[in-house]
Amino acid sequence: SRELFVLTYGALVAQLCKDYEKDEDVNTCLDRMGYGIGIRLIEDFLARSAVKKCRSYSETADMIAQVAFKMYLGVTPSVSCSSAAGNEFSLILDKNPLVDFVEELPAERASLCYCNLLCGVIRGALEMVHLSAEVTFLQDKLKGDAVTEIGIVFLKNIEDKKHKRN
Amino acid sequence: MADETLFLLLHGEIVAGLYRAAEQGDGENGRCISKLENMGFRVGQGLIERFTKDTARFKDELDIMKFICKDFWTTVFKKQIDNLRTNHQGIYVLQDNKFRLLTQMSAGKQYLEHAPKYLAFTCGLIRGGLSNLGIKSIVTAEVSTMPACK
């Protein structure tokens, strides 16, 4: 059940905070783990959803928000395109299930990106379908912002890539 | 279920990540296992609180063990414990013949030496659950042939 995942994630972050003094180290660690999960999760996702190849960055962003997030976390972030070039998107999450049991970040951990794992997961998954992207947190409800916002910047052109994934 | 995949992957990453960090630092095998067990302990405590909010009081230890084998295990691993044995003096053996966290690894004796790492978290989970139900315990795991474990 999802609670198990959320609780385990919380225990993981707590353990990492004990092991690493600096927030950036914890963030890096979470991102790296997320990456490892993402490269495997994409196969599971493709197997479960059997979606067709996305033809544009905007389709990809929609796919992540509407299908993947819904499937794994049960929430559907809204997608908005934030650049004229069409390669920067924002996923806006009203409700972030990962922080269901978290009330607030402790004072000495002010720059901890609690959900950095998500960024790594998205980055890893995209890389496995030959899309490289930078994924970061633009806004975080835990830090006092109104919503949680994840920014995805696609770095290479999708049409140039030929891959044989079905 | 999709949630299960997420948890399995996360668990795998946690084990890998902890050992990676230990290699670079000075950690010994024992410390990683206890870290994993402690994480499991915290999660177990939280989980059992949420599961038993609405259930009736348990009659005795055996009742609690049965709860763990059936409901708790089903919620966490989507299946029940296959076999529960006891000597009625405080020792219980739970046997799971297709332990979820090990099925992806191998179906025989391969990788046997890595199995304990994957069981540490679950041992902590059980210990945490029992501790919040008022039972102090020591939980150990034994694997002879994957993916079965006791």
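Visitor: Let's start with Glu37(B): is this residue buried or exposed?
Guide: The relative accessible area of Glu37(B) is 17%. The cut-offs are under 20% for buried, over 50% for exposed and partly exposed in between, using a 1.4 Å probe and protein chains only. So Glu37(B) counts as buried.

Visitor: Hang on, what kind of model are we looking at?
Guide: Residues are numbered from 1 along each chain as its sequence is written, while chains are lettered from A and ligands numbered from 1 in the order in which they are written. Side-chain values use heavy atoms, with hydrogens and water left out; local features need pLDDT of at least 70, side-chain atom pairs count only at pLDDT 80 or more, totals for chains, interfaces and linings use all residues, and the model is predicted.

Visitor: Back to Glu37(B), then. Which residue does its side chain meet in a salt bridge?
Guide: A salt bridge needs a side-chain nitrogen of Lys or Arg within 4 Å of a carboxyl oxygen of Asp or Glu. The N to O distance here is 3.2 Å. Glu37(B) lies in helix H2 of chain B and its partner in helix H5 of chain B, so the pair ties together parts that are 90 residues apart in sequence (a helix is a DSSP run of H or I with at least four residues, a strand a run of E with at least two, numbered from the N terminus). The partner is Arg127(B).

Visitor: How many salt bridges does the whole structure have over all chains?
Guide: One of them joins Arg123(A) and Asp31(A) at 2.7 Å, linking helix H4 and helix H2 of chain A across 92 residues. Another joins Asp44(A) and Arg48(A) at 2.8 Å, and these sit four residues apart in helix H2 of chain A, about one turn of the helix. With the Glu37(B) and Arg127(B) pair included, the search over all chains gives three.

Visitor: In the pair Asp44(A) and Arg48(A), which residue counts as partly exposed?
Guide: Asp44(A), at 17% relative accessibility, counts as buried. The other side chain comes out at 38%, so the partly exposed residue is Arg48(A).

Visitor: How many salt bridges does the rule find across the interface of chain B and chain A?
Guide: The contact takes 27 residues from chain B and 27 from chain A, where contact means heavy atoms within 4.5 Å. About 2,500 Å² is buried there, with 70% from carbon and sulfur atoms; that area is the accessible area (1.4 Å probe) two parts lose on being put together, summed over both. As for salt bridges across this interface, the count is zero.

Visitor: Which helix gives the most residues to chain B's side of that interface?
Guide: H1, H2, H3 and H5 of chain B each supply at least two residues. Leu6(B), Leu10(B) and Glu13(B) lose the most area, together 24% of what that side buries. The top contributor, with 13 residues, is H1(B).

Visitor: One last thing: how are the rings of Phe89(A) and Phe154(A) arranged?
Guide: Rings of Phe, Tyr and Trp (its six-membered ring) pair if their centres lie within 6.5 Å; planes under 30 degrees apart are stacked, over 60 edge-to-face and the rest tilted. Phe89(A) is in strand E2 and Phe154(A) in strand E4 of chain A, so the pair ties together parts 65 residues apart in sequence. Both residues are buried. Their centres are 6.0 Å apart and their planes at 80°, so the pair is edge-to-face.
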